[in-house]
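Hi,

Here is the structure for you to look over. My notes on it follow below.

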There are 2 protein chains.
Amino acid sequence: MASLRDVAERAQVAVSTVSAALNGTRPVAVATKRRIEQAAAELGYRPNLLARGLQSKRTRILALLFPAPRSGFGLTEMQFATGAAEAASELGYHLLLSPESADPIDEVRHLTGLGLVDGVLLMEVRLDDERTEFLSASGVPFSMIGRTREPGSIDYADIDFAATARDAVAHVAGLGHRKLAFFNLSTDLYADGYGPAIRAGEEFAAAARAAGIGYVDGFRPGSAKEGRAAFERLLDAHPDVTALAVMDDHAAVGVIAAVAARGWHIPEDLTLLLVLSSAAVAEMFHPRLTTLEPPSTELGRLGARMLIERLRGDGPPRQRLVPCNLVVGDSSAAPRSLS
Amino acid sequence: MASLRDVAERAQVAVSTVSAALNGTRPVAVATKRRIEQAAAELGYRPNLLARGLQSKRTRILALLFPAPRSGFGLTEMQFATGAAEAASELGYHLLLSPESADPIDEVRHLTGLGLVDGVLLMEVRLDDERTEFLSASGVPFSMIGRTREPGSIDYADIDFAATARDAVAHVAGLGHRKLAFFNLSTDLYADGYGPAIRAGEEFAAAARAAGIGYVDGFRPGSAKEGRAAFERLLDAHPDVTALAVMDDHAAVGVIAAVAARGWHIPEDLTLLLVLSSAAVAEMFHPRLTTLEPPSTELGRLGARMLIERLRGDGPPRQRLVPCNLVVGDSSAAPRSLS
DNA sequence: TACAGTTGTCGAAACGTTTCGCACACCGTA
DNA sequence: TACGGTGTGCGAAACGTTTCGACAACTGTA
């Protein structure tokens, strides 16, 4: 591998001049500069990132800290990672995939102490996330995909739950529905302070209120079985519900079974929305469900980009909310008559 | 951050002695060694990976080269990545997530030329994969998750399609079925030389032959619609088929719809197997489908481990095949009577 | 006492960058 | 002619490791 010295020799200049010319660090006469660039090209010179990092204290490597795959870990998380990696790559950065060990704090300390990464990208952020405190305290630049309860001045990219809920409610209300029910994620996740569960729950309620339509929540089925049971309880208590938004894929399966068991059909007798699930999953249902698809790739990209911007220089907190994409499927229709 | 010199000062020895003691590179008197270790611990010393890499030419970083997410990119690919990252982490390595640019060859050249990575992990390997030739030629250590048509002496970890097919056929035959049909992945993937499609196709045929049961293939539905049509054509031509193995998730949806349309039930009238799909997906079906779950995490782990072993020293090619895990669901039963 | 071998430690060089003080030549101005 | 300013380029130091030849202090043997 050609080094800076090789280029210097070939261009008949000092090593430091080559460095300056190639990085634009300080002015270099155009003739010299051209000569250097040509020499570099001829030798196929590539800067050694280790040497550069050692000297400049900046490696242009970001760590993506991801927790042990929960159940339901899948496409969305993959898209965070690929989106972040792509955006980083476009900006000349690299992304290190860092599985979270037993002790995430230690993990972070390790990574930064090693001098290997410039910054950290957090995913699967809890409402109360101990990692953020440690990162803030230790001065390591970081940004979050998702956000804590009070992000303060921390950079983040997250789903715009308010806009998403508004879109969903508007869609349903536009079809003529007067009462919407909402099935949140499983009780476990909810109790754990899982951001999307809490926020989506709040925002759907608010959006329904704002739109002036009826609203029922409090259900948190985490499996097909629970979904089925929840739906039956729902209709017992609120027979006038004509539209339902479900967060959990498996719960949706149960709902569909319950609908069929009742002799009903989707969408004629129930409008069903899948919230925060990918269109790829929605297509596995029959009929194809209307989905609020999370902008996962975009969030990954944003997370990486704002972290890199932060590394380049200070500035105000970068906080971005992106709404889900409403993909209308075959599970949306006007409400059944409530005779 | 404490450096080797700080430790040396505190322990009252030379820098080189500290290095030797900490790495076990050469013998150091026990007393000295203990003194050094204590000093290191007190200072919270962590070796600077950049400096180490610069000197030793080994960074302990692996690159996971992944292609642009195809459709159907999801849990499986995520598990390759997380598995590889975990295994690497356990062995003191790091995993760099490297999105494949327009020119994968250039991408690899870039990564290795930069001096950043010790080796490359390839996923989504095609039967004829140009990347392998380049990597072999350029002398960069690498291993594959999946494998080319003729892997030669290249290290790889892949699904054991033969064993998987045997298990599947044995399961079906054990239930009493006498004729099995197989729906491969979409025509596009098949034509593209996608390894799993080709190999699974071949091995299912071979396994059925070996087990002495009837076998039908040639179908490649890539969507629910195509799955439905394929199933109808299948039964027109082969009314005595009682069991079906499907590779594509969406095609399975179509098959289920077609079964229902016919007034049939699963598993009473048809035993349905989902091949190379995760149990999480299988659970979304109703009834829960019997699945041959790919050992994705394991393959990721193996890929990383064998690459690291290769880096540590030469040796014979490491080639591992791991069968899918048969998860029996509620879609398996004795054949319907063929009266 | 002299010498070879062993054991433990040291110091310096090297890896490939970036950074920074300095020197040289040239310009226009006083 | 002398002088400050400007535009270029150079050389050396530094980043934190690893590696390797040299060397001092012992040990045991002749």
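A residue is near a strand if one of its heavy atoms lies within 4 Å of that strand. Helices are DSSP runs of at least four residues, numbered from the N terminus. Note that the model is predicted.

DNA strand D first. There are 25 residues around it, and A:Ser16, A:Thr32, B:Leu4, B:Ser19 and B:Gln55 come nearest. Of the strand D atoms within 4 Å of the protein, 62% belong to sugar and phosphate.

Some polar contacts to strand D:
- B:Asn23 places a polar side-chain atom 3.1 Å from a phosphate oxygen.
- B:Asn48 uses a backbone N or O atom, 3.3 Å from a phosphate oxygen.
- B:Arg26 reaches a base oxygen, with a polar side-chain atom at 3.4 Å.

Two or more residues each come from α2 (15-23) and α4 (49-56) of chain A, and from α2 (15-23) and α4 (49-56) of chain B. The largest share, four residues, is from α2(B). By class, the surface near strand D holds ten nonpolar, ten polar and five charged residues.

Now DNA strand C. Here 26 residues surround the strand, with A:Leu4, A:Ser19, A:Gln55, B:Ala14 and B:Thr32 nearest. Sugar and phosphate make up 64% of the strand C atoms within 4 Å of the protein.

Contacts to its bases include these:
- The side chain of A:Arg26 has an N or O atom 3.4 Å from a base oxygen.
- The side chain of A:Gln55 has one 3.1 Å from a base oxygen.
- B:Gln55 has a polar side-chain atom 3.0 Å from a base nitrogen.

On this surface α2(A) gives the most, with four residues. The classes are ten nonpolar, eleven polar and five charged.

Best wishes

Note on methods. Residues numbered from 1 in each chain as written. Chains lettered and ligands numbered in written order. Predicted model: local features only at pLDDT ≥ 70, side-chain atom pairs only at ≥ 80, totals over all residues. Heavy atoms only, no water. Polar contact = N/O pair within 3.5 Å; in protein donor to acceptor, adjacent residues only side chain to side chain. Nonpolar A, V, L, I, M, F, W, Y, C, P; charged D, E, K, R; others polar.
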